[in-house]
2 protein chains.
Amino acid sequence: MATIGDVAAAAGVSRSTASYALSGKRSISEGARRRVLEAAEALGYTPNAGARALATSQTMVLGLLARFHADEFAPAMTQYILGVTDTARDLGYDTLLVTEPDGAGALRRITDSRMVDGVVLLNVAHDDPRLPVLRAAPQPGALVGLPGDCSGVDVFDLDFEQAGRVMVDRLHGLGHRELILVSQPEHVVERGGAYVWRLRDAALERARRLGVRLHAVYGESRRPAAERMLGALLDARPGATGLLLDNEAAAAALPSVTRARGLEGLSVVGRYSAEFAETFALPYAYVELAPDRLGEMAVRQLVRRIESAQARAEPFVVRLVPAELTSPPS
Amino acid sequence: MATIGDVAAAAGVSRSTASYALSGKRSISEGARRRVLEAAEALGYTPNAGARALATSQTMVLGLLARFHADEFAPAMTQYILGVTDTARDLGYDTLLVTEPDGAGALRRITDSRMVDGVVLLNVAHDDPRLPVLRAAPQPGALVGLPGDCSGVDVFDLDFEQAGRVMVDRLHGLGHRELILVSQPEHVVERGGAYVWRLRDAALERARRLGVRLHAVYGESRRPAAERMLGALLDARPGATGLLLDNEAAAAALPSVTRARGLEGLSVVGRYSAEFAETFALPYAYVELAPDRLGEMAVRQLVRRIESAQARAEPFVVRLVPAELTSPPS
DNA sequence: CTGAAAGCGCTTACAG
DNA sequence: CTGAAAGCGCTTACAG
């Protein structure tokens, strides 16, 4: 592989001149400049990433930490990841994807070893063990998901409280007065999925204010169980005419359940991504999660902090994307 | 951040002694060894990845190139990726995930700049533009997906030809004599998805030999279209009593179509992952794709080649995983 | 406008 | 058993 020394020799200049000609960081005589560029082209020169990182303290790589749990149904993961990787590349960065169970240890490894210039955390829990590590790290970090303590990091998430209100308002507006909310399974909450109770508590509060009965329950995250759970639930609450689904597995399972029972009068509003709605051909109105957009927002802010000392000094942000209701396909 | 110089100073030894004590690559007096390890621990020392890569020509990072097409339904992508990242980590490697549309350019970038020690290509096309780049690269590469030309790389894939035969045999064994095969959409084939016609041609050949009528058609990859297509197809072929689905969107759509038509007599056999079967609660027998296992196999072989000069000299392999029929859930 | 040199933080022959 | 030194391939003050 050609080094910058080879390029310099071929162009008949010093290595520093070759470097400056390539980077454009100082003015170079037109002739030297041209010879360097031609030599680089001819030799197929690409700078060695490790050497450059060592010299500049910049790797042009972002870390992406994703949590996968075997007992969770995480259909939006690909969209989150694509939002991050595509945006990173647009901004000139590559992405190191880390999926190991010990997220805190992994985070320490990639930050301490200076493999990355910054880090995006996906699937952030209320009391996320990765956060202390991230705050202690020299690189900036951006989160997708709202933790209990947002200090020291930029945070991006859907406004789940507003989502809860929007969902209740929708069914109340359609005239329904007894509703069921199916949340994520309890183990998701126990694991720190604060968005579950943020949506639920806001929905309960709104329902109370509107004089609507709202039964909030935990759902399932696996497929055959989700069907059974919905069936039992509808049996137990025959008076309920509206269903709020903050649970992807339940949303995916519902069509077959209602079809089997002939419950065409049931009104439903979900909370999932547009991609998910299409994949499962769901006919319900829903609050869109927009995982790719959240990933993009996190990366843009992260790169701002990485590249500008001024931006690094700005106060940290918590950006909650407004919950918007998307109509079902007609 | 502490450097190895800091550790050496704190332990009262030279940098080379500190380095050797940490790596264990030569014998060190017990006292010096202990003091180095304690100093490293106390200072929270982690080697700088860029510096180490520069010195050793090893990054301990694997490149993972995934292709995403907006018009493709790629439900197994997460499983492929997890198979790769989890296995890589088990073997001591991190994973650089590259998703940009220009896969050949991206591959050249990460190999030329020496960001990675090896590369896994996902979603390999028959005449994949990334392959010439990979063959020219100094790093070894492993593919998930069988291209037209396997020279210079290790290849892992499901045996799609055998899958086609297994699927026909299954329905023939159940007594069916007129079948329909729904393949991926035509644009997947045009893009180089050779596995589509490998399965189809093998199925046609087997059907011919068994005296079974087999109608092979292209399906859809998007959700509402998949339902319509299946409906029209079943109308057009009223004599067909068995369905082979080499198309995830069609498999996901089929339950609602058959329910709407009361086609309980239809026998179905699919080709998808276990994860997919569960996610969509599919009641059909299927040939399992096992994307995580394919990813794992590719990484293991890749790391073997990276780490052993002897392995690097071995002939390249093409490993086709046998197609096995998985029974539907009872 | 340009070059010689130092330095980034490691590893590893080379000497002793 | 250990240390001084060279070298990996860059970038960037420092001099001229």
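**Figure 1. Classes of residue at the surface near DNA strand C in the predicted model.** The surface near DNA strand C is made up of 13 nonpolar, 11 polar and 6 charged residues. In total, 30 residues surround this strand. The closest are A:Thr17, A:Arg26, A:Ser27 and A:Ser29 from chain A, together with B:Ile4 from chain B. On the DNA side, 51% of the strand C atoms within 4 Å of the protein belong to sugar or phosphate, and the rest belong to bases.

**Figure 2. Polar side-chain atoms at DNA strand C.** A:Ser27 places a polar side-chain atom 2.3 Å from a phosphate oxygen of DNA strand C. In chain B, the side chain of B:Tyr20 has a polar atom 3.1 Å from a base nitrogen of the strand. An N or O atom in the side chain of B:Arg26 lies 3.4 Å from a base nitrogen of DNA strand C. The elements that give two or more residues to the surface near the strand are helix H2 (15-23) and helix H4 (49-56) of chain A, and helix H2 (15-23) and helix H4 (49-56) of chain B. The largest contribution comes from H4(B), with 5 residues.

**Figure 3. The surroundings of B:Arg305 in helix H14 of chain B.** Helix H14 of chain B covers residues 291-307 and includes B:Arg305. Is B:Arg305 buried or exposed? B:Arg305 counts as buried because its relative accessible area is 2%, and the cut-off for buried is under 20%. A polar atom of the B:Arg305 side chain lies 2.8 Å from the backbone oxygen of B:Ala311. The backbone oxygen of B:Glu314 is 3.0 Å from a polar atom of that side chain. Leaving aside residues up to four places away in sequence, B:Arg305 touches B:Pro140, B:Asp154, B:Ala311, B:Arg312, B:Ala313, B:Glu314, B:Pro315, B:Phe316 and B:Val317.

**Figure 4. The contact between domain 2 and domain 3 of chain A.** Chain A is divided into domain 1 (4-47), domain 2 (61-158 + 291-322) and domain 3 (160-288). The C-alpha centres of domain 2 and domain 3 of chain A are 29 Å apart. Domain 2 of chain A gives 15 residues to the contact, and domain 3 of chain A gives 20. The size of an interface is often given as the accessible area lost when the parts come together. Between these two domains of chain A, about 1,500 Å² is buried, with 57% of this area from carbon and sulfur atoms. Within domain 2 of chain A, the residues that lose the most area to domain 3 are A:Asp71, A:Phe73 and A:Leu158, together 40% of what that side buries.

Note on methods: Residues are numbered from 1 along each chain as its sequence is written. Chains are lettered from A and ligands numbered from 1 in the order in which they are written. This is a predicted model: local features need pLDDT of at least 70, side-chain atom pairs count only at pLDDT 80 or more; totals for chains, interfaces and linings use all residues. Side-chain values use heavy atoms; hydrogens and water are left out. A residue is near a molecule or strand if one of its heavy atoms lies within 4 Å of it. A polar contact is a pair of N or O atoms within 3.5 Å; within protein, one must be able to donate a hydrogen and the other to accept it, and residues adjacent in sequence count only if both atoms are side-chain atoms. Helices (H or I, at least four residues) and strands (E, at least two) are DSSP runs, numbered from the N terminus. Ala, Val, Leu, Ile, Met, Phe, Trp, Tyr, Cys and Pro count as nonpolar, Asp, Glu, Lys and Arg as charged, and the others, Gly among them, as polar. Buried means under 20% relative accessible area, exposed over 50%, partly exposed in between (1.4 Å probe, protein chains only). Contact means heavy atoms within 4.5 Å. Domain bounds come from an automatic or database domain assignment. Buried area is the accessible area (1.4 Å probe) that two parts lose on being put together, summed over both.
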